[in-house]
Amino acid sequence: MSPSFKLQCHFILILMALRGESRYLELREAADHDPLRFLGANLKRELAGEPLYRRALRCLDMLSLPGQFTFTADRPQLHCAAFLIGEPEEFVTIHYDLVSIDCQGGDFLKVFDGWILKGEKFPSSQDHPLPTTERYIDFCDSGLSRRSIRSSQNVAMIFFRVHQPGNGFTVTIKTDPNLFPCNVISQTPNGRFTLVVPHLHRNCSFSIIYPVVIKISDLTLGHLHGLQSKNPSAGCGGIGDFVELLGGTGLDPSKMMPLADLCYSFHGPAQMKIGCDNTVVRMVSSGKHVNRVTFEYRQLEPYELENPNGNSIQEICLSTL
């Protein structure tokens, strides 16, 4: 495993099992699998001018590039999932090229609009525009009448079960530009991003699955300036537009610990070290303003986790790395 992943969060892939006739997915741990090991810079490649990238799809897989992917069962495969991720400013589209599964015999092929890890969803139910039931698209219900499915953000998942050896499916994954990305999972532990919410009443989360230093250089909310540490009695009160920094060990921002509120516009750096497995910059917007936040993030080095100083959060997110 590359050094950039030695400090990655210890998310365990949760595999799907259906219970009765329920449309919901019941999730359970598969402790020997870590899907994030498939995500790295060496997986990315420039495809401009090249033929369509093709390879076999694993039962447990991570895809971070466009291409055509074929899964063929060599034995009954009952708990399979593929995590799809694009760049922050992209949607992900899944197109069914060929499907050969036995829906009546218990096979299934489902797309989920977002990610599920350890029973937690991203985006959270609070931040996603669709109710949970509508985020699952079941091939066995819709067939090829819905041949292409586009995510609402830069991540999506495919859940599948295939009993009969030789059966399977082929999908083509492509990405499309997203002019105003709202909910994002970062592919990298370091980067810079500007989150813009233009006169829309919605919440947007940018998730970084690493302990990081966050440096906010610019925040425009349509009203004045300030940064304060979060405590049970503090917060942005009745202000309808604000940014909060969250930290935790799970994927769902609604279940993470609020660490700081940014209630007013300001220009100039505001920095915080967050030693959590997952760090989220979350913007809450009333729809009355064009809100914008620009920030940089960098993965914390091991010595920084062991010897924190300055404006840092460690008591809430004790690192086990």
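Which two cysteines have their sulfur atoms 2.0 Å apart in the disulfide that includes C182? Select C182 and C204: these two form that disulfide. The model is a predicted one.

**The C182–C204 pair**

Stay on these two residues. C182 sits in the loop between β14 (168-177) and β15 (184-185), and C204 belongs to strand β17 (residues 203-208), so the bond links distant parts of the chain, 22 residues apart. The torsion about the S-S bond is about -100°, which makes the disulfide left-handed. Both C182 and C204 are buried.

**The whole chain**

Zoom out to the full protein chain. Its secondary structure comes to two helices and 25 strands. Of its 321 residues, 53% count as buried. Among contacts between residues at least 6 apart in sequence, 75% join residues at least 24 apart. The chain exposes about 14600 Å², with carbon and sulfur atoms supplying 51% of that area. Disulfides number three in total.

**Strand β6 and its partners**

Select residues 77-85, strand β6. Eight of its nine residues are buried, so the strand is largely enclosed by the rest of the structure. Now add residues 60-63, strand β4: four bridges join β4 to β6, and the two run parallel. In this pairing D61 stands opposite A82 of β6. Next add residues 155-162, strand β13, which is joined to β6 by seven bridges and runs antiparallel to it. Here Q77 stands opposite V162 of β13.

**The C59–C80 pair**

Keep β6 in view and select C59 and C80, which a disulfide joins with an S to S distance of 2.1 Å. C59 lies in the loop between β3 (54-56) and β4 while C80 is in strand β6, so the pair ties together parts 21 residues apart in sequence. The torsion about this S-S bond is about -95°, so the disulfide is left-handed. C59 is buried at 17% relative accessible area, and C80 is buried at 1% relative accessibility.

**The C103–C140 pair and D138**

Move to C103 and C140, joined by a disulfide (S to S 2.0 Å). C103 is in the loop between β7 (90-100) and β8 (108-112), and C140 is in helix α1 (residues 139-142), 37 residues apart. A torsion of about -85° about the S-S bond makes this disulfide left-handed. C103 is partly exposed, at 28% relative accessibility; C140 is partly exposed, also at 28%.

Finish at D138, in strand β11 (residues 136-138). D138 is buried, with a relative accessible area of 14%. Show L109 and K110 as well: leaving aside neighbours within four places in sequence, D138 is in contact with these two residues.

Conventions
Residues are numbered from 1 along each chain as its sequence is written. This is a predicted model: local features need pLDDT of at least 70, side-chain atom pairs count only at pLDDT 80 or more; totals for chains, interfaces and linings use all residues. Side-chain values use heavy atoms; hydrogens and water are left out. Buried means under 20% relative accessible area, exposed over 50%, partly exposed in between (1.4 Å probe, protein chains only). Two strands pair if DSSP finds at least two bridges between them. Contact means heavy atoms within 4.5 Å. Accessible areas come from the Shrake-Rupley method with a 1.4 Å probe; for residues, only the protein chains shown count as cover. A disulfide is a pair of cysteine sulfur atoms within 2.5 Å.
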